[in-house]
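Biologist: Please show me the model, and then let us discuss its strands, core and surface.

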Amino acid sequence: MRMSGLILSLLACSGLMAQRFPVTGGLQVGLGIPVGGFADKRDPSGAYLGANEGGGVHFGGHLDFSFALHHQIRLVANVNGFASREQDLYGAGSYQGTRQNAFSVAQLGADYVCNLRSPSMGAYVLAGVSLNRVKAKADFSRYADTETTQSGRFGARIGGGYTFNQVFSLEGHLNRVSVDLGYDALTWVGVSAVFRFGL
């Protein structure tokens, strides 16, 4: 219920902002590389709990509201997916089959974007916050699979990029989403191709 209320509030605000500030919309797609505990945390038996040696992809859409030449607020909706490599499990010295972890992160957030030159050309930096719905699943070859979902998780990100023209940018960002999965956060480095369309 809280998430749907936030979505309605953001949509209402975006309508009001569109009346005062130039608006562009767009799409983003890219890759994610897990870092920190998300990449290497293990349980007491030595099994990885995160996306060990795995990777991810993401896609989504955004609305950019320009309120000054160099400054924008960007509303973002993203879906991220990660998969670990398959790992062998051992217990009491014997083979216990395999495990593979998978994660999905649905994000709704807002970024502050500072364009160092202009919105249509040059470098920019960003910082943002998000609310996230995280689903974590472990697939076992010899045991029942496990799955957990955590909603309303707070996230933050920082990054930057370069805008080549009014349509295309390349962007990099460090993302962190708080969770309770045997480690404190899903943290990953994302690289995105960003496509913009005037509204």
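The questions and answers below concern strand pairing, the nonpolar core and a surface patch.

Modeller: This is a predicted model, in which local features need pLDDT of at least 70, side-chain atom pairs count only at pLDDT 80 or more, and totals for chains, interfaces and linings use all residues. Residues are numbered from 1 along each chain as its sequence is written, and side-chain values use heavy atoms, with hydrogens and water left out.

Biologist: Which residue in β6 is the bridge partner of C114?

Modeller: Strands are DSSP runs of E, at least two residues long, numbered from the N terminus, and two strands pair if DSSP finds at least two bridges between them. β5 and β6 run antiparallel, joined by 17 bridges, and form a hairpin with six residues between them. Within β6, C114 has as its bridge partner V125.

Biologist: Which residue in β7 stands opposite G128?

Modeller: β6 pairs with β7 (residues 146–163) in the antiparallel sense over 16 bridges. Five residues link the two strands in a hairpin. Opposite G128 in β7 stands R157.

Biologist: How many residues does the largest nonpolar core have?

Modeller: Such a core is a set of buried Ala, Val, Leu, Ile, Met, Phe, Trp, Tyr and Cys residues joined through side-chain atoms within 4.5 Å, where buried means under 20% relative accessible area, exposed over 50% and partly exposed in between (1.4 Å probe, protein chains only). F38 and F103 are among those with the most contacts inside the largest core. The number of residues in this core is 14.

Biologist: Is V29 buried or partly exposed, and what is its relative accessible area?

Modeller: V29 lies in strand β1. The residue is partly exposed, and its relative accessible area is 41%.

How values were computed:
Helices (H or I, at least four residues) and strands (E, at least two) are DSSP runs, numbered from the N terminus.
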